[in-house]
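Take a look at the chain below. We will walk through it step by step, from its sheet to its metal site and its aromatic rings.

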Amino acid sequence: MTITIDKLSHDVGAEITGVDREQLLSDDAVADAVLAALEECGVLVFRGLHLDPETQVAFCRRLGEIDTEPGHHPVEGIYRVSLDTSKNSSASYLRATFDWHIDGCTPQDDAYPQMATMLTAKAVAAAGGETEFASTYKAYDNLSDAERTRLATLRVVHSLEASQRLVTPDPTPEQLAVWRSRPSKEHPLVWTHKSGRRSLVLGASTDHVVGMDPGESRALLDELLRRCTAPERVYRHEWSVGDTVLWDNRGVIHRAALYEPDSPREMLRTTVLGDEPIR
Ligand SMILES: [Fe+2]
């Protein structure tokens, strides 16, 4: 195995070269190396890998248990990401992906946030549609000691409504009822991982800090997000067909850049299920 890891930015992201389809399917050392690189770098880019859906699912199964809910695609374990409602009947919800978020902060049940997500580009947008990543581990590491002390005990309510309002600020009563039928979740602002590392739980689903004045709460959450996602802290992936990107959803927030609703952009996603709660 000659796997090579080259950092793509100061804080987050690395390009992986030297692996091929056969190694992904059969080489245990590759899976171990990918998991280690994911923990260290947050985002792994495999340019031009042209993974077929079955191989993508098989490789993700080597990383952990995967989500097999139906995903508007014939291969189990693949979810089709497209704004085209003929390809994905839930496309309107995907518009929330244009804001920074962690996947799985407001699940229907008590599921843990996803451990990792893999996307492969099947078709790309003529303009826009890049995916941006920022490290929430670094966001914590970059706090002052006083800030760490202040944030250590804060708890935050996350809701689907908070994230949907960013893209639909004037919902109909029916939309609001659907959003509110999803239970909100309370999480600590600082996530202490089983590895011992700490990250901040930020993004579009943050509704308010428990027990804090609403204005102060919003200002604090917005300021922490602004610092976490400052341009020099972000890796922005410009997609080419056949690129595969894997990110660590436990320590990375992400968003897609705007693209046209009638764009052919189509991503095939596989989700590796969460292996630890936010605590
Ligand atoms: Fe997402």
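Which strands does helix α3 lie across? Helix α3 (residues 53-63) crosses β5, β13 and β15. Its direction is about 25° from that of β15. Keep in mind that this is a predicted model.

Now look at the sheet. It is an open sheet of seven strands, ordered β1-β2-β3-β13-β5-β15-β4. The pairing in it is mixed. Find the edges next. Strands β1 (4-7) and β4 (79-81) stand there, and each has a single partner strand, so one side of each has no neighbour in the sheet. The strands are also turned against each other: between neighbours the average is 25°, direction ignored.

Zoom in on one pair of strands. Strand β5 (residues 116-123) and strand β15 (residues 266-272) run antiparallel, joined by seven bridges. Pick Thr-120 as an example: its bridge partner in β15 is Leu-268. Helix α2 (residues 28-41) also packs on the sheet. Helix α2 touches β1, β2 (14-17), β3 (43-46), β5 and β13 (244-248). Its direction makes about 125° with that of β3.

Next comes the metal. Which protein residues are donors of the iron ion? They are His-101 through NE2, Asp-103 through OD and His-254 through NE2. These donors lie 2.1 to 2.2 Å from the iron ion. Along the chain, the donors follow the spacing H-x1-D-x150-H. His-101 and Asp-103 are both buried.

Stay with His-254. This residue is found in strand β14 (residues 252-256). Is His-254 buried or exposed? Its relative accessible area is 4%, and buried means under 20%, so His-254 is buried. What does His-254 touch, leaving out residues up to four places away in sequence? The list is Asp-99, Trp-100, His-101, Asp-103, Glu-132, Phe-133, Trp-247 and Asn-249. Two of these neighbours deserve a second look. The side chains of His-254 and His-101 are joined by a polar contact of 2.9 Å. Another polar contact, of 3.4 Å, joins the side chains of His-254 and Trp-247. For a sense of scale, try Val-190: its C-alpha atom is 18 Å from that of His-254, and the two residues are 64 residues apart along the chain.

Finally, turn to the aromatic rings. The count of aromatic pairs comes to two. One is Phe-98 with Tyr-259. Their ring centres are 5.6 Å apart and their planes meet at 80°; planes over 60 degrees apart count as edge-to-face, so this pair is edge-to-face. Why does the pair tie together parts that are 161 residues apart in sequence? Because Phe-98 sits in the loop between β4 and β5, while Tyr-259 sits in the loop between β14 and β15. Phe-98 is buried, at 13% relative accessible area. Tyr-259 counts as buried too, at 8% relative accessibility.

Phe-133 and Trp-247 form an aromatic pair that is tilted. The distance is 5.3 Å centre to centre, with 55° between the planes. This pair links distant parts of the chain, with Phe-133 in strand β6 (residues 131-135) and Trp-247 in strand β13, 114 residues apart. Phe-133 counts as buried, with 0% relative accessibility. Trp-247 is also buried, at 3%. Both rings bring us back to the metal site: Phe-133 and Trp-247 are among the residues that His-254 touches, and His-254 is one of the donors of the iron ion.

Key
Residues are numbered from 1 along each chain as its sequence is written. This is a predicted model: local features need pLDDT of at least 70, side-chain atom pairs count only at pLDDT 80 or more; totals for chains, interfaces and linings use all residues. Side-chain values use heavy atoms; hydrogens and water are left out. Helices (H or I, at least four residues) and strands (E, at least two) are DSSP runs, numbered from the N terminus. Buried means under 20% relative accessible area, exposed over 50%, partly exposed in between (1.4 Å probe, protein chains only). Contact means heavy atoms within 4.5 Å. A polar contact is a pair of N or O atoms within 3.5 Å; within protein, one must be able to donate a hydrogen and the other to accept it, and residues adjacent in sequence count only if both atoms are side-chain atoms. Two strands pair if DSSP finds at least two bridges between them. Axes are lines fitted to C-alpha atoms, for helices over the stretch in contact, and angles run from 0 to 180 degrees between N-to-C directions. Donors are N, O and S atoms within 2.8 Å of the metal (3.2 Å for Na, K and Ca); water is not among the atoms, so sites may look incomplete. Rings of Phe, Tyr and Trp (its six-membered ring) pair if their centres lie within 6.5 Å; planes under 30 degrees apart count as stacked, over 60 as edge-to-face and the rest as tilted.
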